[in-house]
Amino acid sequence: MNRIIRIDGHMVEPADSDLAETEPGVYSAIAGLSSWEAQVTANEITIGGYTFLVEFEDRRQWKRSGRAADAKGKASITAAMPGKIVRILVAVDDAVVAGQGIFVVEAMKMQNELKAPRDGRVAAIEVSENDSVVAGAVLAIIE
């Protein structure tokens, strides 16, 4: 399984069950000799009058990016492959939002914009324009 599921902050393993959507946002679940109706809205599930906060983490996403961090820690923006820093779009101490462009990097004759993985403040910029970087090099740190 590629997803981590947390209910009310506790990691859970999905049970072997039969799950069917009976109408938009409403599911029927059967496990063993028991059955339940679950109503799903955004990141909450209501079952039998109890509401639970549900979070999904895709392990493939974390492996692929390597740049993401939780909302409380530092996030490093790294070069995915060797390239050249074409433009730096922010300065140290700038506030940034998730998805905001931080760098333009040229690699394999293509220019790619590296974006902030989350909201925060630029704590450090480790490169300058026209620098050559290797894959995995830390370019900036977001706090």
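The following exchange goes through the strands, salt bridges and surface of a predicted model.

Trainee: Which conventions apply to the numbering and to the side-chain values?
Mentor: This is a predicted model in which local features need pLDDT of at least 70 and side-chain atom pairs count only at pLDDT 80 or more, whereas totals for chains, interfaces and linings use all residues. Residues are numbered from 1 along each chain as its sequence is written, and side-chain values use heavy atoms, with hydrogens and water left out.

Trainee: How many helices and strands does the secondary structure of the chain come to?
Mentor: Helices (H or I, at least four residues) and strands (E, at least two) are taken as DSSP runs and numbered from the N terminus. Counted in that way, the secondary structure of the chain comes to one helix and 15 strands.

Trainee: In what order do the strands of the open sheet that contains strand 8 and strand 10 stand?
Mentor: Two strands pair if DSSP finds at least two bridges between them, and the pairing in this sheet of four strands is antiparallel. Strand 8 (75-78) and strand 10 (95-96) are the edge strands, each pairing on one side only. The order is therefore 8-15-13-10.

Trainee: Which residue is the bridge partner of T78 in strand 15?
Mentor: Strand 8 and strand 15 (residues 138-142) run antiparallel and are joined by four bridges. Within strand 15, the partner of T78 is V138.

Trainee: Which strands stand at the edges of the other sheet, the one with the order 12-11-9-14?
Mentor: This open sheet also has four strands, with antiparallel pairing. Inside it, strand 9 and strand 11 (residues 101-107) run antiparallel and are joined by four bridges, and I85 stands opposite V105 in strand 11. The edge strands have a single partner strand each, so one side of each is left without a neighbour in the sheet; these are strand 12 and strand 14 (132-133).

Trainee: Is R118 buried or exposed, and what is its relative accessible area?
Mentor: R118 is found in the loop between strand 12 (110-115) and strand 13 (120-125), and its side chain reaches the backbone oxygen of I142 at 3.3 Å. The classes are buried (under 20% relative accessible area), exposed (over 50%) and partly exposed (in between), with a 1.4 Å probe and protein chains only. R118 is therefore buried, because its relative accessible area is 8%.

Trainee: How many residues apart in sequence are the parts that the salt bridge of R121 and D93 ties together?
Mentor: A salt bridge is a side-chain nitrogen of Lys or Arg within 4 Å of a carboxyl oxygen of Asp or Glu, and the side chains of R121 and D93 meet in one at 2.6 Å, N to O. R121 lies in strand 13 and D93 in the loop between strand 9 (83-88) and strand 10, so the parts tied together are 28 residues apart.

Trainee: Which residues are linked with R121 in a network of salt bridges?
Mentor: R121 also forms a salt bridge with E143, the closest N and O atoms being 2.4 Å apart; this pair links strand 13 to the segment after strand 15, 22 residues apart. As for accessibility, R121 is partly exposed at 30%, E143 is partly exposed at 34%, and D93 is exposed at 53%. The network links R121 with K74, D93 and E143.

Trainee: To how many salt bridges does the count come?
Mentor: Besides the pairs of R121, E113 and K115 meet in a salt bridge through their side chains (3.5 Å, N to O). E113 is partly exposed at 41%, and K115 is partly exposed at 39%. The count comes to four.

Trainee: Which residues does V40 touch, not counting residues up to four places away in sequence?
Mentor: V40 is placed in strand 5 (residues 34-41) and counts as partly exposed at 31% relative accessibility. Its C-alpha atom is separated by 9.7 Å from that of F52, 12 residues apart along the chain. With contact meaning heavy atoms within 4.5 Å, V40 touches G25, Y27 and I45.

Trainee: What share of the area that the chain exposes do carbon and sulfur atoms supply?
Mentor: Of the 143 residues of the chain, 24% count as buried. Accessible areas come from the Shrake-Rupley method with a 1.4 Å probe, and the chain exposes about 9600 Å². The share supplied by carbon and sulfur atoms is 51%.

Key. A polar contact is a pair of N or O atoms within 3.5 Å; within protein, one must be able to donate a hydrogen and the other to accept it, and residues adjacent in sequence count only if both atoms are side-chain atoms.
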